Structures are given as structure tokens and as C-alpha cells.
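Biologist: Hey, got a minute to walk me through this one? I'd like to go residue by residue.

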Amino acid sequence: GAKSLGRNNYQIYAANTDASQQQHVALKARLRHAVKNDELRVFYQPQVNAVTEDIVGMEALVRWEHPELGMISPAFFIPLAEASGLIVPIGEWVLRTACAQAKAWEDTYGLGLRLGVNLSAVQLMQQNLAEVVTTALSDTGLDPNCLELEVTESISVKTVPHLVETLDALHAMGCHIAIDDFGTGAASLDYLRRLPADRIKIDQSFVRNIGVDPDDEAIVRATIDMAHRLKRGVVAEGVEIEQHLQFLRANGCDELQGYLFCRPLPVVAFDKLLAERERVITEGRAPVTA
Ligand code: C2E
Ligand code: MG
Ligand code: MG
Ligand code: MG
């Protein structure tokens, strides 16, 4: 039913029954119309400084607001979009929409927030990606320094032959590069050595086990230390509880992202967050956290 398509709730597809496969195929066909029917939404999740808890950036996260099925998670439809090539127009739409929104917030609040946008391997394989990014920046007026492109660690140099050159070109334009889901792919160390990454994002599967599994805690600590020795910044994803925050702060993680601070928000709610923050700052009190 419709409810089972919500966040973290698509068991009907995992069931792999004939019915679920049929629905799968039908949705893939429907996805084709999602962009031009204006059914895609970009949500924004704050990233905060680990010490001050000030908002320093936000990640753009796409959702599909299906007229009958409700909000569909990207974890479900991005793989469909990748398989059909639709990720190229969808990814470009997300990039342009998020850049325009970040520019509007910059004009209103002037906080110098960084915008993270996820790139799929399929987008990275397009010869014109640097051009698409340049055009999105010049059309919206967003400073390239405010844009951070997130490349998941599972993308390898083998699947994307010109990965290093493409990311070098984006980096040379002034964009930042982040390695997403760090620690889950097979290429961690090779990645850090070869890619022009400004930041790594520790995957939430490690963060979740802080206070639970000493081995994962060791991996988190070692990752922060290694990133810093290589002069890269570190963001922890999936920070859900105070214990995660305390551990990450004590071990020098630079930035944090997770439900403890804020869930991904639609534009209006994120704008309210920034407006309230602005009001508190101008009134001279301590900045509020997300
Ligand atoms: P990601 O890039 O690693 O994004 C972080 C995911 O973690 C988001 O899931 C976010 O909502 C979720 N998250 C944030 N804080 C917490 C927390 O405290 N606990 C838990 N359990 N989860 C948290 P979301 O929005 O469902 O996106 C899933 C994935 O879909 C993203 O993972 C990214 O790989 C992909 N994705 C989302 N938007 C886009 C897009 O525009 N383009 C592409 N290519 N991929 C996208
Ligand atoms: Mg990401
Ligand atoms: Mg991630
Ligand atoms: Mg991910």
C-alpha cells in the first residue's frame, strides 16, 4: 500500500514477489514523467560544526512525491533512475534546483553555507558533466566555492574511467569534492590518494555503532585521524544520539549531520530554520542549533 513506500519502509519491494516486480516495472515507467510532472522535491539537511553546532552547510536530498503513493525515498528510486539513464536529467534538475535555492538563501541570509549535491556514477560518466555544473553555477549565480559534489565511495575508477580527470576539472573550477559513505566501498585508501577530495563523510553504518562496537569506534577514530593527516575535513553522517555527538567531538570530527540535529527538511521548513537563526544572531544571543 501507499504507506509502505515511506522512508525506510519499502519492504514490499524487498519481498521480490511477482506483484512487487510488476510495481517495480510500473514505477520505472512512471519515473519518466516525474520530472516534467513536477513531482520531484529537494529536501535539505543541515550539517553542523562539531564544536559550535553552528550550521555550516546542507545536503540536497531528492524525494519523489508520487500523487498516489506519497513520498518515495531516493534509496528506492535512484537505482531505478540509474538503470534507465533517467538519473542524468534528474541529477541535473536536482543540481540546478539546489544551486538556485542555495543562492536565494545566500542572498537572504548571507551565511556562506556550503551546498552538498550527490552525483551518481552515471552522471560522472557523462563527458559534459563539468559543463553541466558550470552552467548550473553561472545560471543561478552560486559561487563555485559554495558547491560540494558528493561522490560515493562505491564508485570506482574501473566503472568510471575518467573519474580522476572529471573530479580534477570540477575541483579546478572551485567546487569542493566530498567522498560519501566512506568506509563502505573497497577503494578507500586508493581514493584518498588519487582524488581531489576536500572532505570525507564517514558512513552512518560506523556512526551507528558508536557505543556498541569497539571495532567500529576504532575505525571512526582512525578515519578522522587519517583524514586530518591528509589535510581533509571529516563529516560524520547519521549522528542520531548524544553519545554519537560526544564521541565524534572528543575525537576531533569536524562536522556532523544527522537526526540529532535535524532531519532533511522541505524548503519552507529549512528557510524557517535559517530565519530563526538569523533573528537570534541579529538580536545578539547565542546562535541556535539546527
Ligand atoms: P547519502 O548521500 O549518504 O545521504 C544521507 C542519507 O542519510 C539520507 O537519506 C539522509 O536522509 C539519511 N540520514 C541523515 N541523517 C540520518 C540519521 O541520523 N539517521 C539515519 N538513519 N539516516 C540519516 P536519503 O535522503 O533517504 O537518501 C539516501 C541516498 O539516496 C543518499 O545517501 C544518496 O546516496 C541518494 N540520493 C539522495 N538524493 C540524491 C540525488 O539527488 N542524486 C543522487 N545521485 N543520489 C541521491
Ligand atoms: Mg550524500
Ligand atoms: Mg552517505
Ligand atoms: Mg548513502
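Modeller: Sure, and keep in mind that this is a predicted model. Let's start with Trp105: its relative accessibility is 4%, so Trp105 counts as buried, since the cut-off for buried is under 20%.

Biologist: Okay, and which aromatic residue is buried along with Trp105?

Modeller: That's Tyr44; both Tyr44 and Trp105 are buried.

Biologist: How many aromatic pairs does a search of the whole structure find?

Modeller: The search turns up 4 aromatic pairs. In one of them, the ring centres of Tyr44 and Trp105 are 5.0 Å apart and the planes sit at 80 degrees, so this pair is edge-to-face. Tyr44 is in strand E1 (residues 40–49) and Trp105 in helix H4 (residues 87–109), so the pair links distant parts of the chain, 61 residues apart.

Biologist: Why give both a distance and an angle?

Modeller: Because a pair of aromatic rings is described by the distance of the centres together with the angle of the planes.

Biologist: Which ring pairs with Phe270, and what is the angle between the planes?

Modeller: Trp105 again: its pair with Phe270 is tilted, with 4.8 Å from centre to centre and 40 degrees between the planes. Phe270 lies in helix H12 (residues 267–282) and Trp105 in helix H4, so this pair ties together parts that are 165 residues apart in sequence. Phe270 is buried too, at a relative accessible area of 0%. Ring pairs join Tyr44, Trp105 and Phe270 into a cluster.

Biologist: Nice. What sits over the ring of Tyr259?

Modeller: The charged end of Arg263, 3.8 Å from the ring centre. Tyr259 also turns up among the closest residues to ligand 1.

Biologist: Let's switch to ligand 1, then. How many residues surround ligand 1?

Modeller: There are 24, and the closest are Arg63, Asp180, Gln204, Glu240 and Tyr259. In the side chain of Glu240, an N or O atom is 2.5 Å from a nitrogen atom of ligand 1. Arg63 has a polar side-chain atom 2.8 Å from an oxygen atom of the ligand. For Gln45, a side-chain N or O atom is 3.0 Å from a nitrogen atom of ligand 1.

Biologist: How much of ligand 1 does the protein bury?

Modeller: The protein buries 86% of the 800 Å² that ligand 1 exposes when taken alone.

Biologist: Now the metals. Which residues coordinate the magnesium ion (ligand 2)?

Modeller: Glu59 (OE), Asn118 (OD1), Glu150 (OE) and Asp180 (OD) do, at 2.0 to 2.2 Å. Along the chain, those donors follow the spacing E-x58-N-x31-E-x29-D. Glu59 is in strand E2 (residues 55–66) and Asn118 in strand E4 (residues 114–119), so that pair ties together parts that are 59 residues apart in sequence.

Biologist: Are Glu59 and Asn118 buried or exposed, or something in between?

Modeller: Glu59 is buried, with a relative accessible area of 4%. Asn118 is partly exposed, at 30%.

Biologist: And what coordinates the magnesium ion (ligand 3)?

Modeller: Asp180 (OD), Asp181 (OD) and Glu237, which appears twice through OE, at 2.1 to 2.4 Å. The spacing of these donors is D-D-x55-E. Asp181 lies in strand E6 (residues 176–182) and Glu237 in the loop between strand E8 (233–236) and helix H11 (242–250), so the two tie together parts 56 residues apart in sequence. Asp181 is partly exposed at 21% relative accessible area, while Glu237 is buried at 7%.

Biologist: How far apart are the two magnesium ions, and which residue coordinates both?

Modeller: The ions are 4.3 Å apart, and Asp180 coordinates both.

Notes
Residues numbered from 1 in each chain as written. Chains lettered and ligands numbered in written order. Predicted model: local features only at pLDDT ≥ 70, side-chain atom pairs only at ≥ 80, totals over all residues. Heavy atoms only, no water. Donors = N, O, S within 2.8 Å, 3.2 Å for Na, K, Ca; no water. Helix = DSSP H or I, 4+ residues; strand = E, 2+ residues; numbered from the N terminus. Buried < 20%, exposed > 50% of the residue type's maximum accessible area, 1.4 Å probe, protein only. Phe/Tyr/Trp six-rings, centres within 6.5 Å; stacked < 30°, edge-to-face > 60°. Lys NZ or Arg CZ within 6 Å of the ring centre and 35° of its normal. Near = heavy atom within 4 Å. Polar contact = N/O pair within 3.5 Å; in protein donor to acceptor, adjacent residues only side chain to side chain. Areas by Shrake-Rupley, 256 points an atom, 1.4 Å probe, with all protein chains shown as cover.
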